[in-house]
Every structure is written in structure tokens, then in C-alpha cells.
Amino acid sequence: MSTTTTGPAASIPLTDVAPTEVDVVVIGAGQAGLSSAYFVRRFGLGFVVLDAEPGPGGAWRHRSPTLTMEKIHDIFDLPGVHRTPEVDPTLLAADVVPGYFADYERRTGLPVLRPVKVRSVTRHEDGRLLVAAEESGAERESSGRAAGDPGAPGVVSPAGPGAAVPRTWAARAVINATGTWSRPHWPYYPGAADFRGRQLHYADYRGPEDFAGAKVVIVGGGASATHVLSELADVAAETIWVTRSPLVFHEGAYGEDRRRAAVARVEERVRAGLPPQSVVSATGLAYTKVIRDAMDKGVFNRLPMFSRITPDGVMWDDGRVAAADVIIWATGFRSAIGHLAPLKLRGPGGGIQMDGTRVVAEPRLHLVGYGPSASTVGANRAGREAALQIRRLLAASHAA
């Protein structure tokens, strides 16, 4: 027998074999997921939030221990709860942002289950979407539950710590907010497999200490690449920074008009079913503290992209070579939506055709944090839009 979740305060059993019925499943509890969940509850829908992480914070939990608050772009407030405006700029982003998210979950009482890894989303013959997942036996950090509730902190799955318990939810709509961090992008270049040095992605960058005295090639033209460049300048024997395209800077504050223009450029692509652009390609670079530090250290010198990798370094089309001990790929991320593959959403253009946050090929599915909403300010707006559209969809189905 399945159990119906009729509201955000309803308990959600951990041991059902049949699917748990719910109005909305929100997948992911980063900025996009928490924002979406806030508005879903505000509109009176029953829901649950499934998060693969063991604790609050989303991708921020994994950021480099050298990334301080003064080195990041602005973090916008989640809806309904203002964060402390004055934050010590020397504090680690991997501590401050997850701390804010944890406080938000506690104060709002959103029903977050974790760690729950969603494996697939499929269509059911009764018109709902089936969300299949595995729930770890680790302690749950769900918010706002009474002691003894299945979602209360400290309640361990019946299978015991470390075990994976299959779970399935039958949802009338799904909001996917799984972000990109778990899917780093490694572009292919000839010779990469023969490189004798070390290669790593920015996702695995933990600070400059490991690169003291090394010759390091840094690939990428965004904030991640400049973060690495500015730090390695103090310890590396040599840094070589390469990007595919020339750098484009925007002067002055990145205000509302510029944000809207950037969102419009990305939205145009996803409406046409094309893969979203990278953030930096739509917004350009700002003269941040990180970039000014790199300039002051004399390492802010961009070279065009090399054409191949040699066993001992990199080579350009004109025959130039550069020796390297390490290549750091600060080449961005792709949307982590492999669990949506059974829905066959991608079109001929290689992307998912969107109408706002709604997937054109599957109106019951909304992607928040994808394309134009892949930013902290965009995620808040998109969360509200997704929740509003789902309320209208479910109201229409009730009336039919």
C-alpha cells in the first residue's frame, strides 16, 4: 500500500515498498531546490525535497578550502529568510554558505530527506512521474520534525548505517534542481592520455600547496580559472593560462539590466532546444578582487588555447611548446541530469527545449538551476515560477 503525503508537515515513511504519493518531488537542496520548495509550500502543495548530500549546502560543501567569501560572487538571500548581511570576508565559503542553508532549513522547516540519491525519473501509466532513489542509512538532517518522526534528525534507516534503501515516489510534478557540480566538464584534446604529469579538474582543486615549484597550465576563462591563477602565482614555478576565446570584461556594477540581458541570451538558446551557454560567455568577467590580485602578481596573461597535449606539456598549432607538470581544467560543469534520461528529453539541437522552467516535452517536469536560472538570483525567481506553474497544472487536472 502506498502512503499519500498531503502537506509539508505530513510524515514520510522510510520503509514503504509501494511508491509514496506526493504532489511534488523537488530533487536537490541547493539554492534552486530550497527556493523552489519554499514556493511549493507557499502555494499549498504537498511535497518532499530529496538531497544526495549528507548535510545542507549543496555544491558549496565541496568548494576549495582556500575560497573565501571575498573571492566569490554575491550570494542572494533565499526567499523568506534574510542572511546576516555582514560576513567576515576571510571566512570560507564552504562554511558560510552551508551554514546559511542549514539555518534556512531549520527556520522554514522544509522537509528535506538526505542523503537520498535519485537514480531515475520515469513516466507511470497512471499519469504521474515515478522518482526512484536510494536512501543511505546515514543520519537524516531533515528540518522541523518532531522527535520520533521518520524525518527527524538522528533517525537512521531500518537497514542500518551505511545501507542503501530503495525508495520510490509517485509525483504529480517534479522540480529538478540538481545543479552541475557533480558533473565536471573535461574537454578532449589529443594527447591527453599520454601526458606524464598530473591532470585535475577545478572540482578537485583544494588549494595551492600541492603545486609548489611546479609548472602549471590552467585552462578556462571564468571565475574558477582566475581563482586558481591568483593563488598559484605565489607558489608555482610558472603559470600558463589559456582560454578558447578572448576575455570580455564588463565595467561597473553588474546591475539588474545586465542580469536580465544575460538571462535573455541564455533563455533564447534553451527555448530553441540548444544546450545552455556557460555563465561567463553570457555575463563576461568583472574586475573582482581575485582578478586584481592576479594582475598585481603579474600572472594575468592569457594565451590562446593549445591544440594538443604532449607527454611533457602542451603544443600550439604554430609549433610552440610549453613544458608542464600539471594541467588544471577549470572548464566548467554540465547539468547533472542523467537520472532524467529515461524521459528522453533532448531534442535534435542537443539540448532540452524549455519554456521558462517547464520542459516542453514533459510539462510535469521543471528544471530550476538549468540554463537561464543557473545563478543564485535566477534560481530564486525560477523557483517561484516553477511552483506557480505547477499549482496551475495541478488545479487544472483537478478541475478536469
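This is a short dialogue on how to read features of a predicted protein model.

Biologist: Where should I start, and how many helices and strands does the protein chain have?

Modeller: Start with the overall make-up. The secondary structure here comes to seven helices and 18 strands. The chain has 400 residues, and 48% of them count as buried. Then look at who touches whom along the sequence: among contacts with a separation of 6 or more, 68% are between residues 24 or more positions apart.

Biologist: And what does the outside come to, in accessible surface?

Modeller: The accessible surface is about 17900 Å², and carbon and sulfur atoms hold 52% of that.

Biologist: Let's go inside. Which residues have the most contacts inside the largest nonpolar core?

Modeller: Val-216, Leu-232 and Ile-328 do, in a core of 62 residues. Helix H7, residues 376-399, gives the most to this core, with seven residues. There is also another core lying apart from it, with 26 residues, including Ala-133, Trp-169, Ile-352 and Leu-367.

Biologist: Could we zoom in on one of those residues? What is Leu-232 in contact with, beyond its neighbours within four places in sequence?

Modeller: Leu-232 is in contact with Tyr-205, Pro-208, Phe-211, Val-216, Ile-218, Thr-239 and Ile-328. Two names in that list, Val-216 and Ile-328, also came up with Leu-232 as residues with the most contacts inside the core.

Biologist: Leu-232 belongs to helix H3, I see. Why is H3 described as largely enclosed?

Modeller: The general idea first: an α-helix has 3.6 residues a turn, so residues three or four places apart point the same way. Now the case here. H3 covers residues 223-232, and eight of the ten are buried, so the helix is largely enclosed by the rest of the structure. The buried ones are Ala-225, Thr-226, His-227, Val-228, Leu-229, Ser-230, Glu-231 and Leu-232.

Biologist: What covers the buried residues of H3?

Modeller: The cover includes strand S9 (215-219), strand S10 (238-243), helix H6 (289-296) and strand S15 (326-329).

Biologist: Now a strand, please. Is S2 mostly covered or uncovered?

Modeller: As background, in a regular strand the side chains alternate between the two faces of the sheet. S2 spans residues 20-27 and is mostly covered, with seven of its eight residues buried.

Biologist: Which strands does S2 pair with?

Modeller: One partner is strand S7, residues 164-176, which runs parallel to S2 and is joined to it by seven bridges. There, Ile-27 stands opposite Asn-176. Another partner is strand S3, residues 47-50, also in the parallel sense, over four bridges. In that pairing, Val-24 has Phe-47 as its bridge partner.

Biologist: What do S2, helix H1 and S3 make together?

Modeller: They make a right-handed β-α-β unit, with H1 at residues 31-42.

Biologist: I'd like to look at aromatic rings next. How many aromatic pairs does the count come to?

Modeller: Nine. Take Tyr-38 and Phe-39: the pair is edge-to-face, 5.1 Å centre to centre, with 90° between the planes. Tyr-38 is buried at a relative accessible area of 19%, and Phe-39 is buried at 7%. Then there is Phe-306 with Trp-329, edge-to-face at 6.2 Å centre to centre and 75° between the planes. Phe-306 lies in the loop between strand S11 (302-304) and strand S12 (308-310), while Trp-329 is in strand S15, so the pair ties together parts that are 23 residues apart in sequence. Both Phe-306 and Trp-329 are buried, and they form one aromatic cluster with Tyr-189.

Biologist: And loops? Where is Thr-180 found, and what does Thr-180 touch?

Modeller: Thr-180 is in the loop between S7 and strand S8 (198-201), and is partly exposed at 29% relative accessible area. Leaving out residues up to four places away in sequence, Thr-180 touches Phe-333, Arg-334, Ser-335 and Ala-336. Thr-180 and Gly-332 are 152 residues apart in sequence, yet 8.8 Å apart in space, C-alpha to C-alpha.

Biologist: Last, the backbone. Is the peptide bond from Arg-114 to Pro-115 cis or trans?

Modeller: That bond is cis, with omega near -10°. Pro-115 sits in the loop between strand S4 (112-113) and strand S5 (116-123). Also check Lys-344, a residue other than glycine with a positive phi, near 50°. Lys-344 is in the loop between S15 and strand S16 (354-355), and counts as exposed at 70% relative accessibility.

Definitions and conventions: Residues numbered from 1 in each chain as written. Predicted model: local features only at pLDDT ≥ 70, side-chain atom pairs only at ≥ 80, totals over all residues. Heavy atoms only, no water. Helix = DSSP H or I, 4+ residues; strand = E, 2+ residues; numbered from the N terminus. Buried < 20%, exposed > 50% of the residue type's maximum accessible area, 1.4 Å probe, protein only. Contact = heavy atoms within 4.5 Å. Areas by Shrake-Rupley, 256 points an atom, 1.4 Å probe, with all protein chains shown as cover. Core = buried A, V, L, I, M, F, W, Y, C linked by side-chain atoms within 4.5 Å. Pairing = 2+ DSSP bridges. Right-handed = clockwise from strand over helix to strand, strands pointing away. Phe/Tyr/Trp six-rings, centres within 6.5 Å; stacked < 30°, edge-to-face > 60°.
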